[in-house]
Amino acid sequence: MRDRLWIVIPAAGFPFLLVLFIVLWQSLQQQSHTIQDLVKQLDRLNSVELRDRTGSRELIEQQLGVLQTRQQSLQRKISNLESWQRASADRERALWNRIETPFPSNRDLEPREDRDLERTAPPGLPSSQQQSSQQPVISP
């Protein structure tokens, strides 16, 4: 019976080993396919990340360009306002100079009574304010 057992073991063991080898081979193939799929997904994710970086960079560059354009526009507006303010100050100064400069007066032709009235003006007003109050006000 022992001799028959040694004959049955190799006859039953060989197909069992063959099935085991096929199962292991298929599982190895499945693992290699899974690893290849994971590598492909990783490559796709890296390319998407690079595209996102490129898109983000382009967006940032575009926003920077818009901000630079706005800054230049604001700088032009500021310089225009400064020049307008200087011109306005010059006009105002010229008007004040006109107002403060007495008109060519005919003091020699004024009657003496007006001069006496001028001397009797209230003491709180200096004579320059009295003259400016007599002059017409020029509005801008």
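Arg-53 and Glu-49 sit four residues apart in helix 1, about one turn of the helix, and their side chains meet in a salt bridge at 2.7 Å, N to O. A salt bridge here is a side-chain nitrogen of Lys or Arg within 4 Å of a carboxyl oxygen of Asp or Glu. This is a predicted model, where local features need pLDDT of at least 70, side-chain atom pairs count only at pLDDT 80 or more, and totals for chains, interfaces and linings use all residues. Residues are numbered from 1 along each chain as its sequence is written, and side-chain values use heavy atoms, with hydrogens and water left out.

**Overall layout**

- The protein has three helices and zero strands, so the run from the N terminus reads α-α-α; helices (H or I, at least four residues) and strands (E, at least two) are DSSP runs, numbered from the N terminus.
- Helix 1 covers residues 2–100, while helix 3 covers residues 127–134.
- Buried residues make up 1% of the 140 residues in the protein; buried means under 20% relative accessible area, exposed over 50%, and partly exposed in between, using a 1.4 Å probe and protein chains only.
- The accessible surface comes to about 13500 Å², and 60% of that belongs to carbon and sulfur atoms. These areas come from the Shrake-Rupley method with a 1.4 Å probe, and for residues only the protein chains shown count as cover.

**Salt bridges**

- A search of the whole structure turns up three salt bridges. As a reminder, side chains of opposite charge can pair when their charged atoms come close.
- In the bridge from the opening, Arg-53 is exposed, with a relative accessible area of 53%, whereas Glu-49 is partly exposed at 39%.
- Arg-57 pairs with Glu-61, the closest N and O atoms being 3.2 Å apart. Both lie in helix 1, four residues apart, again about one turn of the helix.
- Arg-57 counts as exposed at 57% relative accessibility, and Glu-61 as partly exposed at 45%.
- Asp-90 and Arg-93 form a salt bridge too, with their closest N and O atoms 2.9 Å apart. These two are three residues apart in helix 1, about one turn of the helix.
- Asp-90 is partly exposed at 43% relative accessibility, and Arg-93 is partly exposed at 47%.

**The aromatic pair and its patch**

- The structure holds one aromatic pair. The rings of Phe-21 and Trp-25 have their centres 6.3 Å apart and their planes at 25°, so the pair is stacked.
- For the cut-offs, rings of Phe, Tyr and Trp (its six-membered ring) pair if their centres lie within 6.5 Å; planes under 30 degrees apart count as stacked, over 60 as edge-to-face and the rest as tilted.
- Phe-21 and Trp-25 are both in helix 1, four residues apart, about one turn of the helix.
- Phe-21 is exposed, with a relative accessible area of 52%, while Trp-25 is partly exposed at 47%.
- Both rings also belong to a nonpolar surface patch of about 520 Å², made by Leu-18, Phe-21, Ile-22, Trp-25 and Leu-28.
- Patches are made of residues with over 30% relative accessible area and no salt bridge: like charges are joined within 9 Å, and nonpolar side chains (Val, Leu, Ile, Met, Phe, Trp, Tyr) within 5 Å.

**Confidence**

- The mean pLDDT of the protein is 78, and 71% of its residues reach 70 or more; pLDDT is the predictor's confidence in each residue, from 0 to 100.
- Confidence is highest in helix 1, at a mean of 89, and lowest in helix 3, at 49.
- Over residues 127–133 the pLDDT is below 50, and this stretch has five contacts in the model beyond near neighbours in sequence. Contact means heavy atoms within 4.5 Å.
- Residues 114–119 also stay under 50, and the model gives them four contacts beyond four places in sequence.
- Where pLDDT is low, the predicted coordinates should not be read in detail.
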